[in-house]
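What follows is a guided reading of one protein model, beginning with a strand and its partners and moving on to a pocket and a set of charged pairs. Please keep the sequence and the coordinates at hand while reading.

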Amino acid sequence: VRLQGIDTPETVKENTPVERWGSEANDYTRQFLEASNWRVRLEIDGESVDRYGRHLAFLWHDGRVLNEELVQQGFARAKTDFDYSRSMKKRLRAAQLQAQAEHRGIWSESRAPLKKSQNRPLQ
């Protein structure tokens, strides 16, 4: 399953080096899943399969959406040119504007990773 509506830096693309902030995006995703005890809800919204045959979904746990949180932390960019709900596009745009305003992750001026204390607690 691929996370719908976002684009994270590359970490596993063949013949491509790991991109800046990719490892942080992976770590945040793992923490989200561990905090949920690996019990999450997948929500299909709009197109369910991308042009590469990958299944697309928004990943929810306890009222939180991983896709949105990755954007809010600055570990992903919102991709609103695809087929999914206006309400989720609005949420992702707002998360990206917040990350940009706060210079988080990919939007940071220093380009140095955020300190753990700056990340939103997962619990």
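Strand β4, which spans residues 56–61, is a mostly covered element, with five of its six residues buried. This description, like everything below, refers to a predicted model.

The partners of β4 can be taken in turn. Strand β1, at residues 2–3, pairs with β4 in the parallel sense over two bridges, and leucine 3 has alanine 57 as its bridge partner in β4. Strand β3, residues 41–43, runs antiparallel to β4 and is joined to it by three bridges; here glutamate 43 is matched with phenylalanine 58 of β4. Strand β5, residues 64–65, is likewise antiparallel to β4, with two bridges between them, and histidine 61 finds its bridge partner in arginine 64 of β5. β4 and β5 together form a hairpin with two residues between them, and in that turn aspartate 62 has a positive phi of about 50°. When looking along such elements, it helps to recall that in a regular strand the side chains alternate between the two faces of the sheet.

Two residues met in this pairing scheme return as members of salt bridges, of which the structure holds six. As a general point, side chains of opposite charge can pair when their charged atoms come close. Glutamate 43 forms a salt bridge with arginine 41, the closest N and O atoms lying 3.3 Å apart. Are these two side chains buried or exposed, or something in between? Glutamate 43 counts as partly exposed because its relative accessibility is 23%, and arginine 41 is also partly exposed, with a relative accessible area of 45%.

Arginine 64, the β5 residue already named as the bridge partner of histidine 61, meets the side chain of glutamate 69 in a salt bridge with an N to O distance of 2.6 Å. Arginine 64 has a relative accessibility of 12% and therefore counts as buried, while glutamate 69 is buried with a relative accessible area of 3%. A further salt bridge links arginine 91 and glutamate 68, whose closest N and O atoms are 2.7 Å apart. Because arginine 91 lies in helix α3 (residues 86–101) and glutamate 68 in helix α2, this pair ties together parts that are 23 residues apart in sequence. Arginine 91 is partly exposed at 31% relative accessible area, whereas glutamate 68, at 16% relative accessibility, counts as buried.

Attention can now turn to isoleucine 6, a residue of strand β2 (residues 6–7), which counts as buried because its relative accessibility is 12%. Leaving aside neighbours within four places in sequence, isoleucine 6 is in contact with Asn67, Leu70, Val71, Ala76, Arg77, Lys79 and Leu92. From isoleucine 6 to threonine 80 the separation is 74 residues in sequence, yet 8.0 Å in space, C-alpha to C-alpha.

Isoleucine 6 also leads to the largest pocket, which is lined by 30 residues, with Arg2, Leu3, Ile6, Asp7 and Arg54 lying nearest its centre. Two or more lining residues come from each of β1, β2, α1 (22–35), β4 and α2 (66–72), and α1 gives the most, with six residues. The volume of the largest pocket is about 1100 Å³, and its lining comprises 13 nonpolar, seven polar and 10 charged residues.

Key:
Residues are numbered from 1 along each chain as its sequence is written. This is a predicted model: local features need pLDDT of at least 70, side-chain atom pairs count only at pLDDT 80 or more; totals for chains, interfaces and linings use all residues. Side-chain values use heavy atoms; hydrogens and water are left out. Buried means under 20% relative accessible area, exposed over 50%, partly exposed in between (1.4 Å probe, protein chains only). Helices (H or I, at least four residues) and strands (E, at least two) are DSSP runs, numbered from the N terminus. Two strands pair if DSSP finds at least two bridges between them. Contact means heavy atoms within 4.5 Å. On a 1 Å grid over the protein atoms alone, a cavity is a set of points where a 1.4 Å probe fits but cannot get out, and a pocket is an open set with protein on both sides within 12 Å along at least five of seven lines; lining residues have an atom within 4 Å of a point. Grid points are joined across faces, edges and corners, and a volume is the space filled by probe spheres set on the points. Ala, Val, Leu, Ile, Met, Phe, Trp, Tyr, Cys and Pro count as nonpolar, Asp, Glu, Lys and Arg as charged, and the others, Gly among them, as polar. A salt bridge is a side-chain nitrogen of Lys or Arg within 4 Å of a carboxyl oxygen of Asp or Glu.
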